[in-house]
Amino acid sequence: MIITRRLVAGAFAALATLAAGAPPALAADEAAEKAPKVELVLDVSGSMNARDIDGQSRMDAAKQAFGEVIDATPEVVQLGIRTLGSEYPGEDKVIGCKDSKQLYPVGQVDRTTAKASVANLKPTGWTPIGYALRAADKDLGNDGGTRRIVLITDGEDSCGKPDPCDVARELAAKGTHLTVDTLGLAHDDKTRRQLSCIAEATGGTYTSVQHTDQLSGRIKQLVKRTADPVEAPPKAVQGATDQCTNAPVLGAGIFTDREKFAEHRWYRVKVNPGQELRAAVSVSADRAVNPDYGVRLRAVSDKGQELVRGSDAGSGRTDVLSSGLRYPVAEQDKKSDGSQPDPKTVCLEVANSFSAPDSVKREPGLPVELAVDLVKAPDNASDVAAFGLGRGWVLLAALGGVGLLAGLIWGWLARWRVAVWRAN
C-alpha cells in the first residue's frame, strides 16, 4: 500500500511538472545550470603564517572560517574552492606565478569533503592573484546564472603579470555578470588599494578583516547574497560607434557596455506616442585618469535633430560620472485605417571626455551603465523638450520673434522720447 501511494504521488508530481511545460529531467538540468555559483579563492602563500588574528595564524583563522562557511552554505548555491600559492615553495618566479589549484570543484556542496580539502593546507609559496582570478572565472563557467568570486588574501599580488586590476577589468568586460569581492587580512595601503581596485572593477566590495568571526561572517554574507535572486540583472550590449542607424534597439532595462576614452556610442529606443523616455548613464573611471573630464547623454531624432541633452563634468579624482534626460512624445490620433500610430525612434548618444596618461591601458574601455525607462507622458508636459525648445530651428524662431518684438518696442519708445524732446 505504501509503495502504491508513493507511485501515485510520483505520477501526480510528474504530471504537474509536465503541465508546467518541462520534463522532470530537463527541469532539473535547467535548475542546475542556473544555480548561483561561488568560488572561494584562498591565499596560501608563505605570509599566511603570520600570527596576528585572534592569537592564531592567518592560515588557521581562514581554515576555521571556511569550516563555518561550508556548514552555512545554502543548498541552492554551488560552491567551489581554489587556492593560490599552495603547491610550490621554491624561488622560481615563472613556476610560482602559476601556482593555483582548484581544491574543490564548483558544484553541490558535500560538506565533509569540502572541509577536508582545506584541512591540511600549509602556507607555502607565491601570491599569483591575477592568474588565480582568471582560473576561477573558468571554474565558474558561464550558463547565465549568478557568479561570484570571493578572494581572501593577506597581501598584494607578488607576480606583477598579469596585473590583478587589469584581469578584473578584463573579466568585467566579458559581460557575464561576474562579481569579485575581496577580503584583506593585512592592512597596508598597497594591499588595500589593489584589493579595492579588483572589487570596484567588477561591482564587488572590499573588506578589511581583523578577527576570525568577522572573516567567517563576511564570507557567509557574500555567499548568501549570491543565493538571493536578482530580479533584473544588467544586460550587456555593444553600442554603435559610427551612427545611430547601426545602433542596437533597447527596451526598458539596465544595460552595460564599454567605451574607450573620448568615444561616442549610439543606442536606439522606440518610444510610443503618449510615452516619456527617461534615460540615465554612468561612466566609471576604473583606472587613473587626467583631471578635467565630462560625460554627455543626448537624445537625437532619427533625422539627426537634437531633442534634449544632459551632461556632467568634473575635475580631479572621481569614481563615476553620471547624467540623465527625459523626453516625452505627444499623444497622436489613430491612423485612418484605425491602427495605432508608429513609435518614434529616439537615438541616445553617450559620449565622454576622459583622458589618461600614456602609461594607462586603454583596453578594455571604461564601464558604462545605461538605464532606460518608458513611462506614461504627462498630460501637460513641463519639460523644455516637450515644447520643442531643445530643437535648433524652434529655438532660433523663438529667439527671433522675441528679438523682433523687443526691437519694435524699443523703436517706439525711442520715437516717443524724441517727440517729447522736440515738443519741449
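**Figure 1. Strand β8 runs parallel to strand β10 in a predicted model.** Two strands, β8 and β10 (residues 264-271), are joined by 2 bridges. At one of the paired positions, V249 of β8 has R268 of β10 as its bridge partner. The sheet to which these strands belong is open and has 5 strands, in the order β8-β10-β15-β12-β13, with mixed pairing. β8 (249-250) and β13 (306-314) are its edge strands, each pairing on one side only. Strands of a sheet pair through backbone hydrogen bonds, either parallel or antiparallel.

**Figure 2. Strands β12 and β13 make an antiparallel hairpin.** The two strands pair over 8 bridges. Within this pairing, V295 stands opposite D312 of β13. The hairpin has 4 residues between its strands, and G304 in the turn has a positive phi of about 95°.

**Figure 3. Y293 and F354 form a stacked aromatic pair.** The model has 1 aromatic pair. The ring centres of Y293 and F354 are 5.0 Å apart and the ring planes lie at 15°, so the pair counts as stacked. Y293 belongs to strand β12 (residues 293-301), whereas F354 sits in the loop between β15 (344-352) and β16 (366-376), so the pair ties together parts that are 61 residues apart in sequence. Y293 is buried, at 5% relative accessible area, and F354 is buried as well, at 2%.

**Figure 4. The largest nonpolar core holds 33 residues.** The residues with the most contacts inside this core are L250, L297, L348, F354 and V372. At least two core residues come from each of β10, β11 (275-284), β12, β13, β14 (320-328), β15 and β16. Another core, of 30 residues, lies apart from the largest one and includes V44, V109, I219 and L222. In soluble globular proteins, nonpolar side chains tend to be buried together.

**Figure 5. A nonpolar patch lies on the surface.** The patch consists of L405, I409, W410, W412, L413 and W416, which together have about 750 Å² of accessible area. W412 is part of helix α10 (residues 392-423). This tryptophan, W412, is exposed, with a relative accessible area of 57%.

**Figure 6. R111 and E75 form a salt bridge.** Their closest N and O atoms are 3.0 Å apart. R111 is in helix α5 (residues 111-119) and E75 is in the loop between α3 (58-72) and β2 (78-84), so the pair ties together parts that are 36 residues apart in sequence. R111 is partly exposed, at 24% relative accessible area, while E75 is exposed, at 53%. The structure holds 27 salt bridges.

**Figure 7. R147 and D137 form a salt bridge between buried residues.** The closest N and O atoms of the pair are 2.6 Å apart. R147 lies in strand β4 (residues 147-153) and D137 in helix α6 (residues 129-140), 10 residues apart. The relative accessibility is 2% for R147 and 5% for D137. Both values fall under 20%, so the two residues count as buried.

**Figure 8. R265 pairs with E263, and other charged residues form a network.** In the salt bridge of R265 with E263, the closest N and O atoms are 3.2 Å apart. R265 and E263 are buried. Salt bridges with shared partners also join D166, R169, R258, D286, R287 and K361 into one network.

**Figure 9. Two cis peptide bonds precede prolines.** The bond from K161 to P162 is cis, with omega near -5°. P162 is placed in the loop between β4 and α7 (164-173). E363 and P364 are likewise joined by a cis peptide bond, with omega about -10°. P364 is placed in the loop between β15 and β16.

**Figure 10. A262 and D292 have positive phi values.** Most residues other than glycine have a negative phi, and most peptide bonds are trans. A262 has a phi near 60° and lies in the loop between β9 (253-259) and β10. For D292, phi is about 70°, and the residue lies in the loop between β11 and β12. A262 is partly exposed, at 48% relative accessibility, whereas D292 is exposed, at 54%.

Note on methods
Residues numbered from 1 in each chain as written. Predicted model: local features only at pLDDT ≥ 70, side-chain atom pairs only at ≥ 80, totals over all residues. Heavy atoms only, no water. Phe/Tyr/Trp six-rings, centres within 6.5 Å; stacked < 30°, edge-to-face > 60°. Buried < 20%, exposed > 50% of the residue type's maximum accessible area, 1.4 Å probe, protein only. Pairing = 2+ DSSP bridges. Core = buried A, V, L, I, M, F, W, Y, C linked by side-chain atoms within 4.5 Å. Patch = residues over 30% accessible without salt bridge, like charges linked within 9 Å, V, L, I, M, F, W, Y side chains within 5 Å. Areas by Shrake-Rupley, 256 points an atom, 1.4 Å probe, with all protein chains shown as cover. Salt bridge = Lys/Arg side-chain N within 4 Å of Asp/Glu carboxyl O.
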